[in-house]
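Welcome to this structure. Here are a few notes to read alongside it, going from the overall picture to single residues.

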Amino acid sequence: MVRIILAIVVIVLSGYILITQTLELMPYYMFFLGALILVIGLAELQKDRKVWGYLNIAISLFVFCASIQDFLMNLRVR
């Protein structure tokens with residue numbers, strides 16, 4: 001259920017960013033994408049697919065770091 005909600009949020013945000021050609025919502029998009037990848041990684045670990053689970057968790061941490069960096073850069077600019 002959480003995976004479906006996060007996937008819908010990511011699709012809506014990416015569609016909005018694509019249509020309007022603005023990047024102001026990109027940090028939110030990256031945050032929700034990181035959360036979606038984290039949920040997928042945890043589901044993979046529960047299915048006992050450890051390599052894919054840990055890989056997804058590592059990727060989600062990278063996306064979270066990029067999202068936080070983008071949030072901080074937007075705060076400095078404003």
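1. Let us begin in a loop. Asp48 is exposed, because its relative accessible area is 55% and exposed means over 50%. This residue sits in the loop between α2 and α3. Its phi is near 65°, a positive value in a residue other than glycine. Please keep in mind that this is a predicted model.

2. Now for the overall layout. The protein chain has 3 helices and 0 strands, and from the N terminus on the order is α-α-α. Along its principal axes, the C-alpha trace spans about 45 × 25 × 15 Å.

3. How much of the chain is buried? Buried residues account for 26% of the 78 residues. The chain exposes about 5,800 Å², and carbon and sulfur atoms supply 73% of that area. Taking contacts between residues at least 6 apart in sequence, 47% join residues at least 24 apart.

4. A word on charge. The protein chain carries 6 positive and 4 negative charges, and the mean positions of these two sets are 4 Å apart.

5. Helix α1 covers residues 2-20. Its 19 residues should span 27 Å at 1.5 Å a residue, and the end C-alpha atoms are indeed 27 Å apart, so expectation and model agree. Which residues of α1 are buried? They are Leu6, Val10, Leu13 and Ile17. Seen down the axis of α1, these buried residues fall within an arc of 70°, so they line one face of the helix. The spacing has a simple background: an α-helix has 3.6 residues a turn, so residues three or four places apart point the same way.

6. What lies on each side of α1? The buried residues of α1 pack against α2, which runs over 26-46. The face turned away from the buried side carries the exposed residues Ile4, Ile11, Val12, Leu18 and Ile19.

7. Just after α1 comes Gln21, in the loop between α1 and α2. Gln21 has a positive phi of about 60° although it is not a glycine. Is Gln21 buried or exposed? With a relative accessible area of 62%, Gln21 is exposed, because the cut-off for exposed is over 50%.

8. Two residues of α2 are worth a visit, starting with Glu44. Glu44 has a relative accessible area of 14% and is therefore buried, since buried means under 20%. Leaving out residues up to four places away in sequence, Glu44 touches Arg49, Trp52, Gly53 and Asn56.

9. The other is Leu45, also placed in helix α2. At 22% relative accessibility, Leu45 counts as partly exposed. With residues up to four places away in sequence set aside, Leu45 touches Lys50, Gly53, Tyr54 and Ile57. How far is Leu45 from Leu75 in space? C-alpha to C-alpha the distance is 36 Å, with their positions 30 residues apart in sequence.

10. Finally, helix α3 takes in residues 50-77. Its 28 residues should span 40 Å at 1.5 Å a residue; the end C-alpha atoms are 41 Å apart, which agrees. The buried residues of α3 are Gly53, Asn56, Ile57, Ser60, Val63, Phe64 and Ser67. Helix α2 is included in what covers them. Of these buried residues, Gly53 and Asn56 are among the contacts of Glu44, while Gly53 and Ile57 are among those of Leu45.

How values were computed: Residues are numbered from 1 along each chain as its sequence is written. This is a predicted model: local features need pLDDT of at least 70, side-chain atom pairs count only at pLDDT 80 or more; totals for chains, interfaces and linings use all residues. Side-chain values use heavy atoms; hydrogens and water are left out. Helices (H or I, at least four residues) and strands (E, at least two) are DSSP runs, numbered from the N terminus. Buried means under 20% relative accessible area, exposed over 50%, partly exposed in between (1.4 Å probe, protein chains only). Contact means heavy atoms within 4.5 Å. Accessible areas come from the Shrake-Rupley method with a 1.4 Å probe; for residues, only the protein chains shown count as cover. Lys and Arg count as positive and Asp and Glu as negative; His and the chain ends are not counted. The place of a charge is taken as NZ of Lys, CZ of Arg, CG of Asp or CD of Glu. The expected span of a helix is 1.5 Å times one less than its number of residues. The arc is that of the directions from the helix axis to the C-beta atoms.
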